[in-house]
Amino acid sequence: MKKIVTLCLALVLLLSCSSALAAKKFTFSHVFATDHPVHVALTEANEMLKELSGGEMELEIFPNGTFATYNDAITAVQMGGLDFACLDSAADWLTKAGVLLGPYVFRSYEHFENFKQADFYDDLKAEIGEAVGVHQFDHYNFGFRHLTANKEIRNLEDFKGLVLRCVDFPPYSELQKIFDVNITAIPIGDVYMALQTGVADCEENPVTQIVTMKFYEVQKYLMMTGHMLAVSGTVMNLDTWNSLTPEEQDILEQVFTFEANRIDELVQQNEEALIAQCEENGMTVIRDIDTTQYQERVPIVLESYPEWVELYNQIQALEG
């Protein structure tokens, strides 16, 4: 009898260990603070993942760039040293994908949502994934990018003599053409000091980043130019994706569709409160900016990126 009991206990232990070994923990690196919509939504998505998989899958999340920088995280996903990361632009691998971060491509949050529901969207995701060598999940946004400065800027003439800090890779640098302004590339962690010391006169970011980085302490004006929508998405190591069962892949698709939609939702919910926070901290917010003169310069950008034109026109044809 003792032998039978012992055998049963051993079997239970073996099954328990096998179950533990079968559980999959995926690593996910991003560069955002823990109160940023990306991290908040990702935390919720992780709970959903554990629930849908019966505890067999979960994420180990590394925020604030603690695992890797933005670029290094993408490389790590491609090479297999990391399971998940955020990919803002696939333009380095698929030129036309850069249009998603192009100036004045999206007119509103509704327009962006209609883009994600468009017939050509799934094909675009697959094309990006193939070009980058990853699995591409749904896209999301951090909000429209706006301009801050220590003077009121309403037109091209107002940019004369100023230096604009922008992100150090295309198509962000195309703002030089849109605003007809000198630009400088400064890492985000150094922007506050650059604005404070006058190395840069103005910068552009979504209000989530403007508040997070406290740019309201060194900039007096927030111009609601809405010149770009900060679009990003989640990518996964392709070998890891291909190793999963169809059921596991389906769960991950559900989870990261939820994550993307949740980020979009949080960004829109929080935007007015963040703008109010800028005002409370002394910023003057200028909402009635006539952006027509900037939008009229978009064809100058398209001349440099003929690969954008077809996708740009498809997006412009959508409602919103």
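Here are some worked exercises on the model above.

This is a predicted model, so keep its filters in mind: local features need pLDDT of at least 70, side-chain atom pairs count only at pLDDT 80 or more, and totals for chains, interfaces and linings use all residues. Numbering runs from 1 along each chain as its sequence is written, and side-chain values use heavy atoms, with hydrogens and water left out.

**Exercise 1. The chain as a whole**

Task: Work out how many helices and strands the protein chain has, and what share of its residues is buried.

Solution:
- Start with secondary structure, taking DSSP runs numbered from the N terminus: helices are H or I with at least four residues, strands are E with at least two. That gives 13 helices and 9 strands.
- Next, burial. Buried means under 20% relative accessible area, exposed over 50%, and partly exposed in between (1.4 Å probe, protein chains only). Of the 320 residues in the protein chain, 50% are buried.
- For the surface, use accessible areas from the Shrake-Rupley method with a 1.4 Å probe; for residues, only the protein chains shown count as cover. The protein chain exposes about 14900 Å², and carbon and sulfur atoms supply 51% of it.
- The C-alpha trace spans about 90 × 40 × 30 Å along its principal axes.
- Finally, take contacts (heavy atoms within 4.5 Å). Among those with a separation of 6 or more, 75% are between residues 24 or more positions apart.

**Exercise 2. The two largest pockets**

Task: Find the volume of the largest pocket and of the second largest pocket, then say what lines them.

Solution:
- Set the rules. On a 1 Å grid over the protein atoms alone, a pocket is an open set of points with protein on both sides within 12 Å along at least five of seven lines, while a cavity is a set where a 1.4 Å probe fits but cannot get out; lining residues have an atom within 4 Å of a point. Points are joined across faces, edges and corners, and a volume is the space filled by probe spheres set on them.
- The largest pocket comes out at about 810 Å³. It has 33 lining residues, and V31, Y70, D88, I188 and Q209 are the closest to its centre.
- Elements that each supply at least two lining residues are α3 (70–79), β3 (84–86), β4 (134–149), β7 (202–206) and α8 (207–212).
- Now sort by class: Ala, Val, Leu, Ile, Met, Phe, Trp, Tyr, Cys and Pro are nonpolar, Asp, Glu, Lys and Arg charged, and the others, Gly among them, polar. The lining of the largest pocket splits into 17 nonpolar, 11 polar and 5 charged.
- The second largest pocket has a volume of about 180 Å³. Its lining includes D35, H36, P37 and N270.
- Here α8 and α10 (246–280) each bring at least two residues, and α10 gives the most, with 4.
- The class count for this second lining is 4 nonpolar, 5 polar and 1 charged.

**Exercise 3. The closed space**

Task: Which residues line the largest cavity?

Solution:
- Count first: there is 1 cavity of 30 Å³ or more.
- The largest cavity has a volume of about 50 Å³.
- Its lining is L87, D88, S89, A90, A97, L100, I128, Q136 and H139, or 5 nonpolar, 3 polar and 1 charged by class.

**Exercise 4. Salt bridges, inside and out**

Task: Decide whether K125 and D138 are buried or exposed, and do likewise for E157 and K160.

Solution:
- A salt bridge needs a side-chain nitrogen of Lys or Arg within 4 Å of a carboxyl oxygen of Asp or Glu. The count is 14.
- K125 and D138 make one, with their closest N and O atoms 2.6 Å apart. The pair links distant parts of the chain, 13 residues apart: K125 sits in helix α5 (residues 121–132) and D138 in strand β4. Both K125 and D138 are buried.
- E157 and K160 also pair up, at 3.5 Å from N to O, but these two are exposed.
- Salt bridges with shared partners join E44, R262 and E265 into one network.

**Exercise 5. Placing S173**

Task: Why does S173 count as partly exposed?

Solution:
- S173 is partly exposed because its relative accessible area is 22%.
- S173 lies in the loop between β5 (163–166) and α6 (175–179).
- Setting aside neighbours within four places in sequence, S173 is in contact with C166, V167 and I183.
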